[in-house]
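Trainee: I have a structure open and would like to go through it with you. Shall we begin with the strands and then move on to the whole chain?

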Amino acid sequence: MQFDTPATTNPIDNLKVVGQPIHRIDGQLKTTGRAMYAYEWHDPNMRYAYGYPVGAAIAKGRITSMDVSAAKRAPGVLAVVTTLDVGERKKGKFNTAKLFGGDEVQHYHQAIAVVVAETFEQARAAAALVKVDYAEEEGAFDLGQAKDSAVKPDESQQPDTATGNFEDAFTSAPVTLDATYTTPDQSHAMMEPHASIAAWNGDEVTVWTSSQMIDWWRSDLATTLDIDKEKIHLMSPFIGGGFGGKLFLRADAVLAVVGARAVKRPVKVALPRPLLINNTTHRPATIQRIRIGTEGDGKITAIAHESWSGDLPGGGLETAVNQTRLLYAGANRMTAMRLATLHLPEGNAMRAPGEAPGLMALEIAIDEIAEKVGIDPVQFRIVNDTQIDPEKPQRRFSQRNLIGCLKLGAERFGWRERGKPGSRRDGNWLVGMGVAVAFRNNLVLPSGARVKLDREGVVTVETDMTDIGTGSYTIIAQTAAEMMGVAIDKVAVQLGDSRFPVSAGSGGQFGANSSTSGVYAACVKLREAIAKKLGFNSEDIVFENGEVRSGNRSVPLAEAAGPDGLVGEDTIKWGELTETHQQSTFGAHFVEVGVDIATGESRIRRMLAVCAAGRILNPITARSQVIGAMTMGAGGALSEELAVDTRRGFFVNHDLASYEVAVHADIPHQEVIFMDETDPMSSPMKAKGVGELGLCGVAAAIANAVYNATGVRVRHYPLTLDKLI
Ligand code: MOS
């Protein structure tokens, strides 16, 4: 199905199941431990062996020799496969750094060997016996130092935009701000580490893994190991979080496949947490300069956002200026992004790549300029709202109710109680409130599904879509139930298997809208097949209560399916609407913090997010996405930072004891409100994404609340207590 005209009334407008607060259909499997995650997959007929990875101890250079003799002699060891044995390999399309193979070391803890043994403990013990000699080379590890050598990347990365004349407008503006902000390297820190099991059968290999994107992984595994893609079967039915860290093929899958080939047995490999953080990807640090000029009434006349980030050679930008191109009005504007070469581990997508760190800076800057011009920060944002793309005035937003989010949020949060900086006190605590806008573009990807109706009247959906904890199983079941007119317990959902039609996968907050649209398209096909078989007139056909009706005839679906059942399969494809209309999601975050007057320690007291993101497919799972994202934003504001060893080139705090993420106990009160809206331009589902929106702006709202509490403006994340005292 090609989606190229705005959705009008369609079969799911009269909603019975979609939009309902239905609990996760996979929830029981997960809470009772029956949902098998990658490493837990167990077939009693298989004799599993265990692989333990060895990571490079330098950041840049070459391996001159490896001595694995002691490791091979260790108890239980079946094989040691080294990067030198495997030799030079092609890189996957989505990987910047190679994962395994050859003598070159591109970053610290790059995989250089896998030791396979009868038990996990034996493999781990033997891995410590591998001896490696390196020829170490100098690398660049400090973004601050590398900033001046940063270059403009090629146009495919869209580094620059300019509208009007920023310099002139900024120079002549009566009120101006020129400030620089920094955001640190961050880690996804998902609960389930990367893990894979590989089992060969002749020249075919099955890999159980933890992947957000089944088809990308399958293609890149084929490229990396020179295996025919058709010979690779990938399974990832349950995933313990990804946040972008599992978008792209990782070393665990490669090591499991080569290890299993070496020992001719199925091999399990998990990346140990202390290796994972430097071995995989992270969100790159940024330096961001923002200049804003306004009239005395607060209208922005000039806005510029420049950002510097670093990555390995061949890598990409952290696109921190993206929201500034679209968020506020203003005739004269410019954005620019520059990329430095750093030999740290690969920088790549982490939840809301671009907008999350971009808004960390921009939304403090907006707070600062609003104060300078003497306008309430909620009002300042309302004054500078735009309904058109400020860089391309012929493009309107498909929907944009940012003002509604701000107004409703201010009212519900009690914004009028906010005082002047440093003016509210509660015992030993200085108390303040902050606001920031949430903005994230709405992306879509093609997404396929197969829907089967069987003789029992059960509808089974098959798609390689993944559920990274987001609720994909549930919203897909809701979509199929709605479309086929059956109760949700008559729908079975099968996900995360490369034998199923290729879906959008989970990423970029495109998963929910794209994958349910794919299921919608497949259900349309199944409905047509049923109508055709029964000879029903498709004009007046109704699917309801497990029956299909037309005219005065009505047939139970089980009967319509017949003994062999019926199948519908299709892929949603996206036409021009995403080009002609700017599609984005919006929100407003309100935060109240207390800052200890003696220690400078910041504590969140309460948070509210109001989101406008099209049709909300399931308010329970959507809310979970937003409160999880708000929690992640709290970590981003107050504690999360990968500390760089700028001499040796690695992240020092590479475990969860020292990379400090926020937890439930850090946020005593959290609320989420969704605006009641549908977006007919976004998809037949009229939905958008919320999974990343919830993170965007949170950290700035916290930073602005800390400023309101203390009167101390911190422009460098995280806002640890040393920066307040
Ligand atoms: Mo997201 S960073 O595209 O998983």
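Trainee: How many bridges pair S29 and strand S30 (residues 602-612)?

Mentor: This is a predicted model. Strands of a sheet pair through backbone hydrogen bonds, either parallel or antiparallel. S29 and S30 pair in the antiparallel sense, and the number of bridges is 10.

Trainee: Which residue in S30 is the bridge partner of Ala588?

Mentor: Ala588 falls within strand S29 (residues 584-596). Its bridge partner in S30 is Val610.

Trainee: Which residue takes a positive phi in the hairpin of S29 and S30?

Mentor: The hairpin has five residues between the strands. The one with a positive phi, near 80°, is Gly600.

Trainee: Which residue of S29 stands opposite Met433?

Mentor: Met433 belongs to strand S20 (residues 429-441), which is joined to S29 by 13 bridges and runs antiparallel to it. Opposite Met433 in S29 stands Glu592.

Trainee: How many of the 13 residues of S29 are buried?

Mentor: A residue counts as buried if 20 or more other C-beta atoms lie within 10 Å of its own. S29 is largely enclosed by the rest of the structure, because the number of its 13 residues that are buried is 12.

Trainee: Which strands stand at the edges of the open sheet of seven strands?

Mentor: The order is S4-S6-S2-S13-S10-S11-S12, and the pairing is mixed. An edge strand has a single partner strand, so one side of it is left without a neighbour in the sheet. The edge strands here are strand S4 (77-82) and strand S12 (232-235).

Trainee: By what angle are neighbouring strands of this sheet turned against each other on average?

Mentor: The direction of the strands is ignored for this value. The average is 20°.

Trainee: Which residue in S12 stands opposite Val207?

Mentor: Strand S11 (residues 204-208) and S12 run parallel and are joined by four bridges. Opposite Val207 in S12 stands Leu234.

Trainee: Which strands are at the edges of the open sheet with the order S5-S3-S7?

Mentor: This sheet has three strands with antiparallel pairing. An edge strand pairs on one side only, and that applies to strand S5 (104-105) and strand S7 (131-136).

Trainee: Which residue in S7 stands opposite Asp67?

Mentor: Strand S3 (residues 61-67) is joined to S7 by six bridges, and the two run antiparallel. The residue of S7 opposite Asp67 is Lys131.

Trainee: Is Gln509 buried or exposed?

Mentor: Gln509 sits in the loop between strand S23 (491-494) and H14. Most residues other than glycine have a negative phi, and most peptide bonds are trans. Gln509 has a positive phi near 50°. With 28 C-beta neighbours inside 10 Å, Gln509 counts as buried.

Trainee: How many other C-beta atoms lie within 10 Å of Asn545?

Mentor: Asn545 also has a positive phi, of about 50°, although it is not a glycine. Its place is the loop between strand S24 (542-544) and strand S25 (547-550). Asn545 is partly exposed, and the count of other C-beta atoms within 10 Å is 14.

Trainee: Which peptide bond is cis?

Mentor: Look in the segment after helix H18 (698-710), where Pro718 is placed. A peptide bond there has omega near -5° and is cis: the one from Tyr717 to Pro718.

Trainee: How far apart in space are Asp564 and Leu453?

Mentor: Asp564 is in the loop between helix H15 (557-561) and strand S27 (566-574). Asp564 is exposed, with 8 other C-beta atoms within 10 Å. Asp564 and Leu453 are 111 residues apart in sequence, but C-alpha to C-alpha their separation is 9.1 Å.

Trainee: Which element gives the largest share of the side of domain 1 that touches domain 4?

Mentor: The C-alpha centres of domain 1 and domain 4 lie 34 Å apart. Their contact takes 26 residues from domain 1 and 24 residues from domain 4. Elements giving two or more residues on the domain 1 side are helix H13 (472-484), helix H14 (511-534) and helix H16 (577-580). The largest share, five residues, comes from H14.

Trainee: What radius of gyration does the protein chain have?

Mentor: The C-alpha trace spans about 80 × 75 × 50 Å along its principal axes. With 725 residues, a compact globule would have a radius of gyration near 27 Å. The chain agrees with that, as its own value is 27 Å.

Notes. Residues numbered from 1 in each chain as written. Predicted model: local features only at pLDDT ≥ 70, side-chain atom pairs only at ≥ 80, totals over all residues. Domains from an automatic or database assignment. Contact = placed C-beta atoms within 7 Å. Pairing = 2+ DSSP bridges. Axes fitted to C-alpha atoms, helices over the stretch in contact; angles between N-to-C directions. Rg over C-alpha atoms; globule rule 2.2 N^0.38 Å.
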